[in-house]
Amino acid sequence: MEFHRRRFRSVWLVLGLLPFLLAGCGVEHAASVKQAALPKATSGVKTAEAKGASTSTGQGTSLLDRAGVVVGAEPVHMKMTITDSLGNIDSVTTMATDPLNRELVGTTHSTVSGLSGANAVTVVGHFIAIGSRYWDESNPPGGGWHEGTVHPGDPFPLSKLLPYLVNIHGVPGKFIRGHATIGVSATLDSQGVRLMEQQATTTLVSPAQQIIDSIAFSLWMDPDHRPRELQLTEHCVQEGHPYQVYETILYYDWGVGVHVVNPT
């Protein structure tokens, strides 16, 4: 039981961070990167696939930067699914966020079990954030809403994490909900993951405490650089057990406002 409690901590870390994966991307780093002309994803899937396959590291970095600016400037709705290679995690989260008004609302349905598949626990949770205030409730354990404080700052500072991104390259574009896209893939190494965890928890994370070894991801964005799909694979080791956690986020209803009410 303790194994899946600790393992689920890594899932909740990603659940909390990934909606903001690109939210902190700015142009500070991109301005310092020498890069070729950006590929244009405006002429359909064939062009997206051809350009994606030839995307250079500099181009991929700039595409991530541009997508991050969009994520930080528009409301968006998302659906996230999480599973793992052990078959012990099945989680679906729907959420909507408005970064300009600093509002977030979502619901999570998750079933998690231990390494042997026993002691499965199903949790239904709701969460709301308005500014620096945060509320959540879940069943189990129940007991109504609990209020906390959202730590200020960028939970995924891509400008700081870029030195820890390796294997940046283009991937074939595809249609996502009727939108032609161009894709970029990269891997965040163990040092970058540790820095990300420290940003999220404001505590020092030692290599011995770190569950996630690396995170590989692919992002597909439309011609306006709006993310449309994000796929991630966490490579994890816990108590000597290697496994992978898989996440997929679908982005939709860009620009549709979020109406959040204080639960108290």
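**A guided tour of the predicted model**

Of the 264 residues of this protein, 45% count as buried. The structure on display is a predicted model. With the whole chain shown as a cartoon, 5 helices and 13 strands can be located. Contacts between residues 24 or more positions apart make up 57% of those with a separation of 6 or more. Switching to a surface view presents an exposed area of about 12100 Å², of which carbon and sulfur atoms supply 54%.

**First stop: the strands S2, S3 and S4**

Select residues 89-98, which are strand S2, together with residues 103-112, which are strand S3; the two run antiparallel and are joined by 10 bridges. At one of these positions, Ile 89 has Val 112 of S3 as its bridge partner. S2 and S3 form a hairpin with 4 residues between them. Within that turn, select Arg 102, whose phi is positive at about 55°.

Next, add residues 121-130, strand S4, which pairs with S3 in the antiparallel sense over 10 bridges. To follow this pairing, select Gly 106 and its bridge partner in S4, Phe 127.

**Second stop: the nonpolar cores**

Now display side chains for Leu 165, Leu 188, Ile 215, Phe 217, Met 221, Leu 230 and Tyr 251. These residues have the most contacts inside the largest nonpolar core, which has 39 residues. Centre the view on Phe 217. Leaving aside neighbours within four places in sequence, Phe 217 is in contact with Leu 64, Leu 165, Val 184, Ser 185, Ala 186, Leu 230, Gln 231 and Leu 232. A second core, separate from the largest one, has 5 residues, including Ala 96, Ile 128, Trp 135 and Val 260.

**Third stop: an aromatic pair**

How many aromatic pairs does the count come to? The count is 1. Select Tyr 251 and Trp 254, which form a stacked pair with 6.2 Å from centre to centre and 15° between the planes. The pair counts as stacked because planes under 30 degrees apart meet that description. Are the two residues buried or exposed? Tyr 251 is buried, since its relative accessible area is 4%, and Trp 254 also counts as buried, at 12% relative accessibility. Both assignments follow because buried means under 20% relative accessible area.

**Last stop: charges over rings**

Select Lys 174 and Trp 220. The charged end of Lys 174 sits over the ring of Trp 220, 4.0 Å from its centre. Finally, select Arg 177 with Tyr 252: Arg 177 lies over the face of Tyr 252, at 4.5 Å from the ring centre.

Key: Residues numbered from 1 in each chain as written. Predicted model: local features only at pLDDT ≥ 70, side-chain atom pairs only at ≥ 80, totals over all residues. Heavy atoms only, no water. Core = buried A, V, L, I, M, F, W, Y, C linked by side-chain atoms within 4.5 Å. Buried < 20%, exposed > 50% of the residue type's maximum accessible area, 1.4 Å probe, protein only. Contact = heavy atoms within 4.5 Å. Areas by Shrake-Rupley, 256 points an atom, 1.4 Å probe, with all protein chains shown as cover. Pairing = 2+ DSSP bridges. Phe/Tyr/Trp six-rings, centres within 6.5 Å; stacked < 30°, edge-to-face > 60°. Lys NZ or Arg CZ within 6 Å of the ring centre and 35° of its normal.
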